[in-house]
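Reader: Please take me through one part of this model in close detail. I would like to follow how its strands are put together.

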Amino acid sequence: MSTFQKALFLYNGNAGGDVIEDKLAQTIPILSQAIKQLTVIQTNSVEDAKRTCEMYAKQVELIIILGGDGTVHACINKIASLKERPILAVLPGGTSNDFSRMMLMPQSLEEAAQTILEGTIMDIDIGKADERYFLNFLGVGLVTETSQNIDPNQKKNFGVLSYFMSTIKTVSQAKSFTYNITTRQDSYNGEAVMILVLNGKFIGTRELPITSIHPSDGLLDVLIVKNSNLASFRELLSMNNPEMDTDNLREVTYFQTDYLEVYTEEEKEVDTDGEIAAGTPSTIEVVPSHLKMICGSVK
C-alpha cells in the first residue's frame, strides 16, 4: 500500500448535498488510512478548481480529483503548465469519467479509493492544442456537435444515456467539412464528418476499438471519419483487430503522430475533453511523460 505525507482531495461541490456527502463518505475514510495529512477542499467553479490546484501544487505530493471529465480537464489545464507537478489521481465523480476508465480505475468509488493506495504511478502523455491542454481527446465535427446537442435535463435525469441520445440525433444531421492535416512526415486532406486526436480511448463511456492507443507512448492517435454511414462505423469496429492493416481502410483514416496542424475550409469549433473553447485552425502536439498519475491494475 502506498503512503503519502500530504495530499489534496479536491471535489466539485455542485453535485448536490446528499450526493456529495455520500461520495465523500465512500472515499475519505479509505484514503485517510494511508495519507498523513489529507486536505479536503470543495470547489464551486472551474476557476475555483484551477486556483486550488495552483495553490496546493507545491505543498502536496498527491492531488486527488473527485469529479467528472470537466473538473479533471480544468485541473489538468492548470497543473500541466506548472514547473512542479504533484502526482494526480482521479476518482470517478461525473457522468462519463472517461480518462479514469483509461487509467483502469474502478467506477465504484470505494474500489477507486482503494486503488489510489494500491495502484501504480505511471508517466502519462498529455496533448496540447495551441495554448490549451487535453488529457483524453480533441475533436472536430461530429463529436463537438454531439456535445452541443446534449440536453442538460436529459444529462441530469439519464446520465450516460444522454450521450447516446445526443449521438443518434447528431449522426442524422451530420454534415461533412473540408479539412487539411499536416504532420512532420505527411499531409492528409479531403471531406470528413469528424476528426479525433486521441490520448485516451473512451468517449462518453464507450471504448473506441483502436488497440494501439496508449497514454504513455509519446504519440497521439488520429482518426478521421469520412462519412456518418454504416460503412464508416463497420470499418471503425474492424480496427479492434490488432492485425488490421489500417492502410486498407476506405471510410476512415488512421495514423499516429507527435505533431499535427489542422485546418478546415470554414472555422470549426474544437472540443477538448468535452469542453469547447477554441476553433480551427489548430496546432496540436503531444507533451510526452508530462504527468504522473495513479492507474489501476490490468485484470
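Author: **The six-stranded sheet**

Strand S7 (residues 137-141) pairs with strand S10 (residues 194-198) in the antiparallel sense, over five bridges. Two strands count as paired if DSSP finds at least two bridges between them. Strands here are DSSP runs (E, at least two residues), and helices are runs of H or I with at least four residues, all numbered from the N terminus. Within this pair, Gly141 stands opposite Met194 in S10.

The model is predicted, so local features need pLDDT of at least 70 and side-chain atom pairs count only at pLDDT 80 or more, while totals for chains, interfaces and linings use all residues. Residues are numbered from 1 along each chain as its sequence is written, and side-chain values use heavy atoms, with hydrogens and water left out.

Now the whole sheet. S7 and S10 belong to an open sheet of six strands. The order is S14-S13-S10-S7-S16-S17, with antiparallel pairing. Its edges are strand S14 (252-257) and strand S17 (275-279), and each pairs on one side only. Neighbouring strands are turned by 20 degrees against each other on average, direction ignored. For such angles, axes are lines fitted to C-alpha atoms (for helices, over the stretch in contact), and angles run from 0 to 180 degrees between N-to-C directions.

Other strands pair as well. Strand S5 (residues 120-129) runs antiparallel to strand S18 (residues 282-295), over nine bridges. There, Met122 has Met293 in S18 as its bridge partner. Strand S15 (residues 259-264) is also antiparallel to S18, joined by four bridges. In that pairing, Glu261 stands opposite Thr283 of S18.
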